[in-house]
Amino acid sequence: LDGGPPSPMVSQLSKFLNLASTSLYMCNYNVTTPTSGLYAKLLGFDEAHAGLIIGMTPAAVIISSVLYSWWSSYSYKRAIIFASSCCAIGNLIYAFALPCNSLTMVLAGRLMTGFGSARTINRRYVADYYNLEERTAGMADFVSASALGMAVGPGLAAFLSYVAPEGGSHAGRWWTVETAPGYVMFAFWCVYLVANIIFFEEPDRVQQTSVKEKKAATSDERAPLKSHDGVNTEEQPCAKTAKRSFSFGGVPVLVCLLLLVLLKAVLEGLTSSTPTVSRFYFDWDVTLCGTYLAILASLMIPANYVVATVSRRFDDREIILAMLVMMATGIAGFMTYAGSDAEASFIFFSLIIFISCNALEGPTMGLLSKVIP
C-alpha cells in the first residue's frame with residue numbers, strides 16, 4: 001500500500017515560525033514562576049498565591065484549545081496572530097498590575113496569556129503540512145522547541161534579577177524583577193507578531209481538501225455490501241464483538257488520561273512550590289531559583305531520549321509502572337526532608353519528581369495511541 005498523496009508543501013520559514021510560537025509560549029509560561037510568590041507578596045497577599053497565579057494559564061488553555069482546534073480548520077495564520085496578540089496583551093496587563101496594585105490584573109494577565117496558547121495549532125500544523133517522511137522529525141522538533149522554551153524561561157527570570165531591582169518601598173513599581181518578565185515578553189511577542197504577519201505563509205488547503213475527498217470516495221467504494229432489506233451483511237455478525245471490545249478498550253484509555261492528569265498536576269505543583277519553599281527554607285533568591293528551574297527544564301530532552309531508548313526493550317506498561325514508583329518515591333522524599341542535609345534532599349527529590357513526570361508522559365501517550373478506539 002502506498003502512503004497516500006504527499007502533504008501540501010510549506011516554506012521552511014513558516015515551519016520555523018510555527019515552532020517559534022510554541023517555544024516562545026513555553027518561555028512565557030515559565031518565566032514568571034520564580035517571581036510569582038514575590039509578586040503576590042508585594043500586592044499584600046500570601047506567597048502561596050503563586051500557585052493561583054501560575055494555575056490561571058493552564059486553566060485558560062482548556063478553553064482556548066477548543067477554539068483553536070476549530071479555527072485552525074479554516075486559517076492557521078489568523079489563529080496564530082490572534083493567539084500571539086492575546087499573549088502580548090496578557091503580558092502587558094501582568095506588568096501593569098504592580099503599579100495599579102491589583103492582584104486581579106495579575107490573574108487576568110496570566111489568564112489572557114493562557115488563552116494565547118497556540119500549541120494546539122502548532123501540533124496540527126506539523127501533522128497536516130509536513131510530508132510523511134518529515135512528520136516524526138517535525139514532532140521531535142516540536143518537543144525540542146517546547147523544552148528549549150521551558151529552559152529559557154526561568155533562565156531569563158534569573159538574568160532579569162541582575163538588571164531589575166526587587167519591588168518594594170525603596171524601588172519604583174514600574175520596572176522591577178516582578179514586572180520585568182511582562183515587559184520583556186510583551187516585546188518578544190510584538191516582534192514575533194510582525195514576523196508572523198510578514199513571513200508566515202498560509203498553507204494551500206485546496207490540495208488537502210482534494211486528498212480528503214479522494215479518501216472519502218475510496219471508503220465509499222469499499223463500504224460493506226448490504227442486503228435488500230438494508231441490513232449490513234458483513235458487520236452484523238461482528239456487532240457484539242465490536243461493542244464488547246470497545247467497552248473493555250475504554251478502561252485503558254481512561255487510565256491513560258488519568259495518568260496524564262496526574263503527571264501534569266504533580267509537575268505544576270512542583271514548579272509552583274519550588275520558589276516559595278526554596279526561599280522560605282533555604283533563603284534562595286530569584287537568581288538561584290531561576291537557574292535551578294532552568295536546569296530542571298533542560299533535563300527534559302535527555303530524559304525523553306533515555307525513555308525512547310528503553311522503550312525498544314520494554315513495554316509501555318512496564319515503563320509507566322517504573323516511572324510511577326519513581327514519582328511516588330520522589331514525592332515521599334520531597335515531603336519529608338529535614339535535618340542538615342535538607343537542601344540536598346530537596347534538590348535530589350525534586351529532580352526525581354521532575355524527571356519521572358516528564359519520562360512518564362512519553363510512554364503514556366504511546367500507550368494511549370495504541371488503545372484508543
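This passage describes the helices, salt bridges and surface of a predicted model.

The overall picture is a helical one. The chain has 14 helices and zero strands, and read from the N terminus on, its elements run α-α-α-α-α-α-α-α-α-α-α-α-α-α. Of the 373 residues in the chain, 46% are buried. Sequence-distant pairs feature strongly in the contacts: where the two residues are at least 6 apart in sequence, 80% of the contacts join residues at least 24 apart. The chain exposes about 19200 Å², and carbon and sulfur atoms supply 68% of this area.

Helix α4 offers a handy check on geometry. This helix covers residues 76–96, and its 21 residues should span 30 Å at 1.5 Å a residue; the end C-alpha atoms are 31 Å apart, which agrees with that expectation. The N-terminal end of α4 is capped by Ser-75, where a side-chain oxygen lies 3.2 Å from the backbone nitrogen of Arg-78.

Attention now turns to charged pairs. Side chains of opposite charge can pair when their charged atoms come close. With a cut-off of 4 Å between a side-chain nitrogen of Lys or Arg and a carboxyl oxygen of Asp or Glu, the count comes to three salt bridges. Lys-41, Glu-47 and Arg-279 are linked in a network of such bridges. On one side of this network, Glu-47 meets Lys-41 with an N to O distance of 3.9 Å. On the other, the side chains of Arg-279 and Glu-47 meet at 2.9 Å, again N to O. Arg-279 belongs to helix α10 (residues 239–282), while Glu-47 sits in the loop between α2 (36–42) and α3 (50–71), so this pair ties together parts of the chain that are 232 residues apart in sequence.

The members of the network can also be sorted by their exposure, with buried meaning under 20% relative accessible area and exposed meaning over 50%. Glu-47 counts as buried because its relative accessibility is 17%. Arg-279 is buried as well, with a relative accessible area of 15%. Lys-41, in contrast, has 53% relative accessibility and therefore counts as exposed.

The remaining pair lies within a single helix. Arg-124 forms a salt bridge with Asp-128, and their closest N and O atoms are 3.3 Å apart. Both residues belong to helix α6 (residues 119–129), and because they are four residues apart, about one helical turn separates them. An α-helix has 3.6 residues a turn, so residues three or four places apart point the same way. Arg-124 is partly exposed, with a relative accessible area of 25%, whereas Asp-128 counts as buried at 19% relative accessibility.

Finally, the surface carries a nonpolar patch. Leu-13, Phe-16, Val-194, Ile-197, Ile-198 and Phe-199 make up this patch, and together they have about 600 Å² of accessible area. Helices α1 (12–31) and α8 (180–199) each supply at least two of its residues. The largest share, four residues, comes from α8. Phe-16 is found in helix α1, and its relative accessible area of 54% is why this residue counts as exposed.

Key
Residues numbered from 1 in each chain as written. Predicted model: local features only at pLDDT ≥ 70, side-chain atom pairs only at ≥ 80, totals over all residues. Heavy atoms only, no water. Expected span 1.5 Å × (residues − 1). Polar contact = N/O pair within 3.5 Å; in protein donor to acceptor, adjacent residues only side chain to side chain. Buried < 20%, exposed > 50% of the residue type's maximum accessible area, 1.4 Å probe, protein only. Contact = heavy atoms within 4.5 Å. Areas by Shrake-Rupley, 256 points an atom, 1.4 Å probe, with all protein chains shown as cover. Patch = residues over 30% accessible without salt bridge, like charges linked within 9 Å, V, L, I, M, F, W, Y side chains within 5 Å.
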